[in-house]
Amino acid sequence: MQPASKLERRVVTAAEQALKRRHHVSPLDVLTGLGWVPLGLITDWRQGRVPDLEAVAAVSPDRLADALEIFHRWVKSGLPAGR
């Protein structure tokens, strides 16, 4: 997948960095990598102290959906060689 927009480049970069660092990547890795949802709030969400991530994200639900759609396309396009 050749990123075209600034958001696509940011999402792909966040995903690739997480993959390199942890040898796997999730949507939450991308959202934290973008700086849109702090790791501490993800922990709160996992423990039920935050009802949904949209409520604590630094961007609108539409922007979250855009980033997750880009991430989904990146995953479907195949991982970089050697991953």
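Which residue forms a salt bridge with Arg-49? I looked this up before anything else. Asp-44 is the partner, and the closest N and O atoms are 2.6 Å apart. I noted that the model is a predicted one.

**Entry: Arg-49 and Asp-44**

I checked how much of each side of this pair is accessible. Arg-49 has a relative accessible area of 54% and is exposed, because the cut-off for exposed is over 50%. Asp-44 comes out at 21%, so I wrote it down as partly exposed. The cut-off for buried is under 20%.

**Entry: the full search**

I searched the whole structure for salt bridges. The search gave 4 of them. I reminded myself of the general idea: side chains of opposite charge can pair when their charged atoms come close.

**Entry: Asp-29 and Arg-22**

Next I turned to Asp-29. I found this residue in helix H2, which covers residues 27-33. Asp-29 forms a salt bridge with Arg-22, and the closest N and O atoms are 2.3 Å apart. Is Asp-29 buried or exposed? Its relative accessibility is 10%, so Asp-29 counts as buried. Arg-22 is partly exposed, at 37%.

I also listed what Asp-29 touches, leaving aside neighbours within four places in sequence. Asp-29 is in contact with Ala-18, Arg-22 and His-24. Arg-22 is thus both a contact and the salt-bridge partner of Asp-29.

**Entry: Glu-69 and Arg-73**

I then moved to helix H4, residues 61-76. Glu-69 and Arg-73 both lie in this helix, 4 residues apart, which is about one turn. They form a salt bridge, with the closest N and O atoms 4.0 Å apart. Glu-69 is partly exposed at 41% relative accessibility. Arg-73 is partly exposed too, at 36%.

Which residues are linked with Glu-69 in a network of salt bridges? I found Glu-8 and Arg-73.

**Entry: H1 against H4**

Glu-8 sent me to helix H1, residues 6-22. H1 and H4 pack at an angle of about 60°, and their axes are 9 Å apart. That angle makes H1 oblique to H4. I recorded the crossing as right-handed.

I looked up who makes the contact. From H1 I noted, among them, Leu-7, Glu-8, Val-11 and Leu-19. From H4 the residues include Ile-70, Phe-71, Arg-73 and Trp-74. By class, the contact has 9 nonpolar, no polar and 5 charged residues. Glu-8 and Arg-73 are in this contact, and both belong to the salt-bridge network with Glu-69.

Notes: Residues are numbered from 1 along each chain as its sequence is written. This is a predicted model: local features need pLDDT of at least 70, side-chain atom pairs count only at pLDDT 80 or more; totals for chains, interfaces and linings use all residues. Side-chain values use heavy atoms; hydrogens and water are left out. A salt bridge is a side-chain nitrogen of Lys or Arg within 4 Å of a carboxyl oxygen of Asp or Glu. Buried means under 20% relative accessible area, exposed over 50%, partly exposed in between (1.4 Å probe, protein chains only). Helices (H or I, at least four residues) and strands (E, at least two) are DSSP runs, numbered from the N terminus. Contact means heavy atoms within 4.5 Å. Axes are lines fitted to C-alpha atoms, for helices over the stretch in contact, and angles run from 0 to 180 degrees between N-to-C directions. Angles under 35 degrees count as roughly parallel, over 145 as roughly antiparallel, 65 to 115 as roughly perpendicular and the rest as oblique. A crossing is left-handed if the near helix is turned anticlockwise from the far one by less than a right angle, and right-handed if clockwise. Ala, Val, Leu, Ile, Met, Phe, Trp, Tyr, Cys and Pro count as nonpolar, Asp, Glu, Lys and Arg as charged, and the others, Gly among them, as polar.
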